[in-house]
Amino acid sequence: MSIQTPPRLLELAGQSLLRDQALSISAMEELPRVLYLPLFMEAFRRRHFQTLTVMVQAWPFTCLPLGSLMKKLHLETFKALLEGLHMLLTQKDRPRRWKLQVLDLRDVDENFWAIWPGAWALSCFPETMSKRQTAEDCPRMGEHQPLKVFIDICLKEIPQDECLRYLFQWVYQRRGLVHLCCSKLVNYLTPIKYLRKSLKIIYLNSIQELEIGNMSWPRLIRKLCCYLKEMKNLRKLVFSRCHHYTSDNELEGRLVAKFSSVFLRLEHLQLLKIKLITFFNGHLEQLIRCLQNPLENLELTYGYLLEEDMKCLSQYASLGYLKHLNLSYVLLFRISLEPLGALLEKIAASLKTLILEGCQIHYSQLSAILPGLSRCSLTTFYFGRNCMSMGALKDLLRHTRGLSKLSPETYPAPEESLNSLVRVNWEIFTPLRAELMCTLREVRQPKRIFIGPTPCPSCGSSPSEELELHLCC
């Protein structure tokens with residue numbers, strides 16, 4: 001027979017207060033801090049809206065982290081909490097006990113509500129908050145400081161999440177009293193007006209990561225450049241599946257120039273990722289020239305580059321300290337790779353990841369990048385889906401002698417193993433792959449390696465972090 005653990009006195013006290021809602025409301029000002037969190041959680045679970053409204057007004061901690069509760073948050077509960085904040089913010093004389101400075105709606109790893117309240121309170125002081133959001137990212141505080149609301153926003157579908165929509169409306173109506181700070185903003189909505197509405201109420205300096213997809217380049221540039229210029233703390237900028245519909249070269253040049261001018265203001269940018277780069281053909285130098293901060297991560301994927309675009313990559317200091325370079329599925333078979341080789345030599349000391357997957361590089365171009373590649377200290381190298389002969393692949397593998405930390409690494413099947421339909425003949429490929437592995441083991445011991453078509457038509461596997469050695473039958 002099992003013995004149930006009796007409820008603690010704190011739990012009994014909280015339950016007693018909630019049974020008498022009038023008593024719990026009147027007792028808020030004198031409620032011990034140790035009771036606050038369990039009582040809040042119980043009121044939240046039971047949807048005692050009046051109690052929650054009053055509890056927020058007397059909140060004794062500097063931060064109210066609702067992020068981990070957002071999935072369970074109902075609109076009426078959210079309205080009750082925000083109503084309490086509204087009544088508080090509009091009071092000339094605020095309660096003596098009130099310390100709330102931050103409403104945090106971000107999804108955090110820590111479970112703030114499951115640990116001892118004293119330890120939780122310590123984690124909510126400004127010193128700890130600054131580790132997640134620097135003071136420069138948010139407006140300075142005056143005597144009556146505005147409430148800072150932290151949130152990560154992902155706009156994916158219409159209608160939006162009803163709590164998010166209500167929050168936008170609530171913040172918009174209380175401009176000056178509330179600052180909406182968004183460290184990460186992701187937009188996949190095609191109508192640009194929804195993104196612009198969000199940007200109008202977000203404190204733009206707080207945005208550190210911005211990802212925009214499913215939008216036309218010309219429209220994006222015309223409508224968003226004025227907002228991008230104000231995101232002075234932006235560190236990560238991603239454009240994916242952005243379409244290009246203009247064939248007017250003169251107009252294209254003006255749009256690229258306008259877009260490039262944005263980068264003159266982005267002094268903290270570390271990652272730039274553009275998927276579908278056709279828009280920048282012949283104009284990439286304008287963009288690279290305007291980069292103010294040395295990039296750590298550059299990803300230009302899915303499209304093609306002209307000769308002059310490749311040449312500019314090794315000419316500017318902003319690309320001199322790259323740690324990650326991704327040119328996957330950028331067609332490079334028609335141009336000289338000497339500029340890419342020069343860039344690799346320039347960034348050999350810092351580069352950790354090089355992705356040239358699907359670039360259709362021909363074995364006759366390989367010699368241009370081998371010297372630079374052999375000097376790098378790579379940990380990740382993707383080179384699959386390129387046109388390589390057996391001899392070229394052996395030469396490539398020998399030039400990875402010094403890359404002992406590579407894991408994972410991928411290489412294409414040699415062209416000698418391909419049939420007339422450019423598919424692998426496995427009877428020919430299997431011994432050739434064994435020969436390539438012998439060549440590699442003569443210079444170093446591989447860790448995770450994938451040689452062949454991706455995904456493998458035999459077993460369906462593709463390169464991954466879990467892959468040890470790809471040996472299909």
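Here are a few exercises on this predicted model, each with a worked solution.

Residues are numbered from 1 along each chain as its sequence is written. Local features need pLDDT of at least 70 and side-chain atom pairs pLDDT 80 or more, while totals for chains, interfaces and linings use all residues, and side-chain values use heavy atoms, with hydrogens and water left out.

**Exercise 1. Find out how many helices and strands the chain has, and what share of its residues is buried.**

Solution. Start with the elements, which are DSSP runs numbered from the N terminus: helices are H or I with at least four residues, strands are E with at least two. The chain has 17 helices and 17 strands. Next, take buried as under 20% relative accessible area, exposed as over 50%, and partly exposed as in between (1.4 Å probe, protein chains only). Buried residues make up 52% of the 473 residues.

**Exercise 2. Check the span of helix α17, then work out where its buried residues point.**

Solution. Helix α17 covers residues 426-441, which is 16 residues. The expected span is 1.5 Å times one less than the number of residues. That gives 22 Å, and the end C-alpha atoms are 22 Å apart, so the two agree.

Now list the buried residues of α17: Trp426, Phe429, Leu432, Arg433, Leu436, Met437, Thr439 and Leu440. Looking down the axis of α17, they fall within an arc of 155 degrees, so they line one face of the helix. (The arc is that of the directions from the helix axis to the C-beta atoms.) Those buried residues pack against α16 (390-398) and β17 (449-451), with contact meaning heavy atoms within 4.5 Å.

**Exercise 3. Describe how β8 is covered and how it pairs with β7.**

Solution. Look at cover: four of the five residues of β8 (residues 236-240) are buried. Then look at its partner: β7 (residues 209-213) runs parallel to β8, over five bridges. Two strands pair if DSSP finds at least two bridges between them. Within this pairing, Leu210 stands opposite Leu237 in β8.

**Exercise 4. Locate the unusual backbone spots at Pro408, Tyr302 and Gln360.**

Solution. First, the background: most residues other than glycine have a negative phi, and most peptide bonds are trans.

- The bond from Ser407 to Pro408 is cis, with omega near 5 degrees, and Pro408 sits in the loop between α16 and β16 (409-411).
- Tyr302 has a positive phi of about 60 degrees, in the loop between β10 (297-301) and β11 (303-304). Tyr302 is partly exposed, at 38% relative accessible area.
- Gln360 has a positive phi of about 55 degrees, in the loop between β14 (353-355) and α15 (370-375). Gln360 is partly exposed, at 41%.
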